[in-house]
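Work through the exercises below with the sequence and the structure at hand. Each task is followed by a solution in steps.

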Amino acid sequence: MPHTSPAQIGYLAGILDGEGYISLKPSRGGSGMIIRVGVNMTDLDVLERCQEIAGAGVIAGPRIRGTNKPIWIWNINHQRDAVAVLMTVYPLVGARRKRRIEEALAAWKAKPQRKKPEPWGIAGNNGCGTYAGWATHHRRGSPICAACRDAANEYRRARRKRPAR
Ligand SMILES: [Zn+2]
């Protein structure tokens, strides 16, 4: 949530506290819980403002039931966005919501996080630029960085050049 003012965060926290939902549901495959954060209401402009402040989520709708006013749904599906929003509004919401947020964040932390491949280089390891570095990328399924690709090419070239006995 970059470039947000305290007033904007206060606005978002107020809407989430008053009208929002924070819930947990088991993830498909059962490897943990998924945080659901959103707001259902008839005022589309309020949801658009929330979406803009949070820089996250999608608005769905209108959902029409009988003669009631159409309802719009702002929902933050991306877990990282949901966590960022919950952490940001936490100090500003009431005790009941605070407990929900604590539950949600605890469940999120308990979930085994899938390790992202390093976009460049080998995290916590200075092995890049060697054949071993190339092999490490390969083993982890991470993109092979330029230094390691060069090292691997050099290694293969050297092997090819080795004179036969
Ligand atoms: Zn590398």
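## Exercise 1: Fold and sheet

The secondary structure of the protein chain consists of six helices and four strands. The model is a predicted one.

**Task.** State in which pattern the elements follow each other along the sequence, and give the order of the strands in the sheet.

**Solution.**
1. Along the sequence, the protein chain reads α-β-β-α-β-β-α-α-α-α.
2. The four strands form an open sheet in the order S1-S2-S4-S3, and their pairing is antiparallel.
3. Strand S1 (20–26) and strand S3 (58–63) are the edge strands, each paired on one side only.
4. On average, neighbouring strands of this sheet are turned by 25° against each other, with direction ignored.
5. Strand S2 (residues 33–41) and strand S4 (residues 71–76) run antiparallel and are joined by five bridges. Gly-38 stands opposite Asn-75 in S4.
6. Helix H2 (residues 44–54) lies across S2, S3 and S4, and runs at about 10° to S4.

## Exercise 2: Helix H1

**Task.** Compare the span of H1 with the expected value, and find which residues of H1 are buried.

**Solution.**
1. H1 has 14 residues, which at 1.5 Å a residue should span 20 Å; the expected span is 1.5 Å times one less than the number of residues.
2. The end C-alpha atoms of H1 are 20 Å apart, which agrees with the expectation.
3. Leu-12, Ala-13, Ile-15 and Leu-16 are the buried residues of H1.
4. Viewed down the axis of H1, these buried residues fall within an arc of 165°, so they line one face of the helix.
5. On the face of H1 turned away from the buried side are the exposed residues Pro-6, Ala-7 and Gly-18.
6. The buried residues of H1 pack against S1, S2, H2 and H3.

## Exercise 3: The nonpolar core

**Task.** Identify the residues with the most contacts inside the largest nonpolar core, and list the elements that give two or more residues to this core.

**Solution.**
1. The largest nonpolar core has 23 residues, and Leu-12, Cys-50, Val-85 and Leu-86 have the most contacts inside it.
2. Two or more residues of this core come from each of helix H1 (6–19), S2, H2, S4, helix H3 (79–89) and helix H4 (95–110).
3. Leaving out residues up to four places away in sequence, Leu-86 touches Ile-22, Val-37, Ile-101, Ala-104 and Leu-105.
4. As a general background, nonpolar side chains tend to be buried together in soluble globular proteins.
5. For the protein chain as a whole, 20% of the 165 residues are buried.
6. Of the contacts in the protein chain with a separation of 6 or more, 49% are between residues 24 or more positions apart.

Definitions and conventions: Residues numbered from 1 in each chain as written. Predicted model: local features only at pLDDT ≥ 70, side-chain atom pairs only at ≥ 80, totals over all residues. Pairing = 2+ DSSP bridges. Axes fitted to C-alpha atoms, helices over the stretch in contact; angles between N-to-C directions. Contact = placed C-beta atoms within 7 Å. Core = buried A, V, L, I, M, F, W, Y, C linked by C-beta atoms within 7 Å. Buried ≥ 20, exposed ≤ 12 C-beta atoms within 10 Å, placed from the backbone. Arc of directions from axis to C-beta.
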